Amino acid sequence: MWRELGIALCLMLVLEGVLPFLYPRRWRNMVVRLAQVDDGTMRLAGLVSMLVGTALLYLIR
């Protein structure tokens, strides 16, 4: 299980690095906009992301 978790973490880091590498200016503008989003909206986005990820894992396995 630890091996798969490590692989998942590495893949997450690769995917997270794609946008700043390819589009640094757009990525920076997006981060500035995200800093202005209120906490409730950010929490909702996080919840939706977790639920979608969990559902996709369920469907794959």
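Visitor: Which residues form the nonpolar patch on the surface, and how much accessible area do they have together?
Guide: Keep in mind that this is a predicted model. The patch on its surface is nonpolar and takes in Val 14, Val 18, Leu 19, Phe 21, Leu 22, Tyr 23, Trp 27, Met 30, Val 31, Leu 34, Val 37 and Met 42. Put together, their accessible area comes to about 1100 Å².

Visitor: Which element gives the nonpolar patch its largest share?
Guide: Two elements, helix 1 and helix 2 (24-35), each bring at least two residues to the patch. The largest share is five residues, and the element that supplies them is helix 1.

Visitor: Leu 22 is one of those patch residues; is Leu 22 buried, partly exposed or exposed?
Guide: Leu 22 sits in helix 1, which covers residues 2-22. Buried would need under 20% relative accessible area, and exposed would need over 50%. Leu 22 has a relative accessibility of 48%, so the label is partly exposed.

Visitor: How many Å separate the C-alpha atoms of Leu 22 and Arg 43?
Guide: Along the chain, Leu 22 and Arg 43 are 21 residues apart. In space, their C-alpha atoms have a separation of 27 Å.

Visitor: Where is Val 37 found, and what does Val 37 count as at 30% relative accessibility?
Guide: Val 37 belongs to the loop that links helix 2 with helix 3 (39-60). The buried class stops under 20% and the exposed class starts over 50%. With 30% relative accessibility, Val 37 is therefore partly exposed.

Visitor: What about helix 3: which class do Met 50 and Thr 54 fall into?
Guide: Met 50 lies in helix 3, and Thr 54 has its place there too. The cut-off for the exposed class is over 50%. Met 50 comes in at 53% relative accessible area and Thr 54 at 51% relative accessibility, so the class is exposed.

Visitor: How far is Pro 20 from Met 50 and from Thr 54, C-alpha to C-alpha?
Guide: In sequence, Pro 20 is 30 residues from Met 50 and 34 residues from Thr 54. In space, the C-alpha separation from Met 50 is 23 Å, and that from Thr 54 is 26 Å.

Visitor: Why is the protein chain more spread out than a compact globule?
Guide: Its secondary structure is three helices and zero strands, in the order α-α-α from the N terminus. For 61 residues the globule rule gives 10 Å, and the chain's radius of gyration is well over that, so the chain counts as more spread out, at 15 Å.

Visitor: What percentage of the protein chain's residues are buried?
Guide: The C-alpha trace spans about 35 × 30 × 20 Å along its principal axes. The chain exposes about 6200 Å², with 70% of that supplied by carbon and sulfur atoms. Of the 61 residues, the buried ones make up 0%.

Visitor: How many Å apart are the mean positions of the positive and negative charges?
Guide: The protein chain has 7 positive and 4 negative charges. Take the mean position of each set, and the distance between the two is 10 Å.

Notes
Residues numbered from 1 in each chain as written. Predicted model: local features only at pLDDT ≥ 70, side-chain atom pairs only at ≥ 80, totals over all residues. Heavy atoms only, no water. Helix = DSSP H or I, 4+ residues; strand = E, 2+ residues; numbered from the N terminus. Rg over C-alpha atoms; globule rule 2.2 N^0.38 Å. Buried < 20%, exposed > 50% of the residue type's maximum accessible area, 1.4 Å probe, protein only. Areas by Shrake-Rupley, 256 points an atom, 1.4 Å probe, with all protein chains shown as cover. Lys, Arg positive; Asp, Glu negative; His and termini not counted. Charge placed at Lys NZ, Arg CZ, Asp CG, Glu CD. Patch = residues over 30% accessible without salt bridge, like charges linked within 9 Å, V, L, I, M, F, W, Y side chains within 5 Å. Salt bridge = Lys/Arg side-chain N within 4 Å of Asp/Glu carboxyl O.
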